[in-house]
Amino acid sequence: MMHDRPDACPADPVSPSAPMAIEATGLVKRYGSLRALDEVGFQARVGEAVGIVGPNGAGKTTLFGALAGSFPVNAGDIRSGGRVITYDSAEARSAMGIARTYQVPRPFIGMTVFVNVLVAARAGGARSGAEAGDHAAHVLDRTGLIALANKPAGATGLLDRKRLEVARALATGPSIILLDEIGGGLTEAELTQLIALIEALKADGLTIVWIEHILHALLKVIDRLVCMAEGRVLAEGDPREVMQDAAVRGAYLGSDPE
């Protein structure tokens, strides 16, 4: 049972006339007879923050994988920046500005925090030399990690690993960032710090797509909410309206929205 109310949504949502950052239509992903994605449509406009919620097995992470190019879909189309990217590789999508994080952080634990971000700046951001180093330092400062630059990534705490996950994504120079349950496992105090970072990224104009089970965190940032269940989009739109939708409450929140 959830305990969060949609009372902290951003006051100034992105205009519906804003250009589309990423858009998917009719996405199907099959694993044998299972349809992990079943005719899913999705869109996020430039500068918009879109939240995705749903029970376990709803298809949320599969949708992320499809958008990021982690695997091919069986049907449907994905567009970004006015072009079809359905069959582009994850590397190609990263080069065009689509970055993602993972629910379980994946740093190079034997490398320092700085080198982790430097690798992302070079490999994903196509930077080299002093430019790559300067960019990595800027990203570390932006994410609150500059004091930990020389610390091994494997020796950092959970909040800093989450920040590092975001920093590595930012080092590639994205215009769209896909956040996969970035708040999981954090204390309320730690979560407050992470929310502040994500709010700042949105204020910078980054398009954010965020899967999260911690609703009060999600609702402080997002403009629009999508609820998925059984590989389909159950409801989408204004977060307040989606949270009060009877089908959403039945599939995800239970009978009592409190």
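Two strands pair if DSSP finds at least two bridges between them. The legends below refer to a predicted model.

**View 1. Strand 3 and its two parallel neighbours.** Strand 3 (residues 49-53) has 5 of its 5 residues buried, so the rest of the structure largely encloses this strand. Side chains in a regular strand alternate between the two faces of the sheet. In strand 3 both faces are covered: Ala 49, Gly 51 and Val 53 are buried on one side, and Val 50 and Ile 52 on the other. Strand 8 (residues 207-211) runs parallel to strand 3 and is joined to strand 3 by 4 bridges; here Ile 52 has Ile 211 as its bridge partner. Strand 9 (residues 224-229) also pairs with strand 3 in the parallel sense, over 4 bridges, and in strand 9 Arg 224 stands opposite Val 50.

**View 2. An open antiparallel sheet of 4 strands.** The strand order is 2-1-4-5, and the pairing is antiparallel. Strand 2 (34-45) and strand 5 (83-84) stand at the edges with a single partner strand each, so one side of each has no neighbour in the sheet. Strand 1 (residues 20-31) is joined to strand 2 by 9 antiparallel bridges, and Met 20 has Arg 45 of strand 2 as its bridge partner. Helix 1 (residues 60-68) packs on this sheet and touches strand 1, strand 2 and strand 4 (75-80). The direction of helix 1 makes about 65° with that of strand 2.

**View 3. Arginines over aromatic rings.** The charged end of Arg 100 sits 4.2 Å from the centre of the Tyr 102 ring, over that ring. Arg 168 lies over the face of Phe 108, 5.3 Å from the ring centre.

Definitions and conventions. Residues are numbered from 1 along each chain as its sequence is written. This is a predicted model: local features need pLDDT of at least 70, side-chain atom pairs count only at pLDDT 80 or more; totals for chains, interfaces and linings use all residues. Side-chain values use heavy atoms; hydrogens and water are left out. Buried means under 20% relative accessible area, exposed over 50%, partly exposed in between (1.4 Å probe, protein chains only). Helices (H or I, at least four residues) and strands (E, at least two) are DSSP runs, numbered from the N terminus. A charge sits over a ring if NZ of Lys or CZ of Arg is within 6 Å of the ring centre and within 35 degrees of the ring normal. Contact means heavy atoms within 4.5 Å. Axes are lines fitted to C-alpha atoms, for helices over the stretch in contact, and angles run from 0 to 180 degrees between N-to-C directions.
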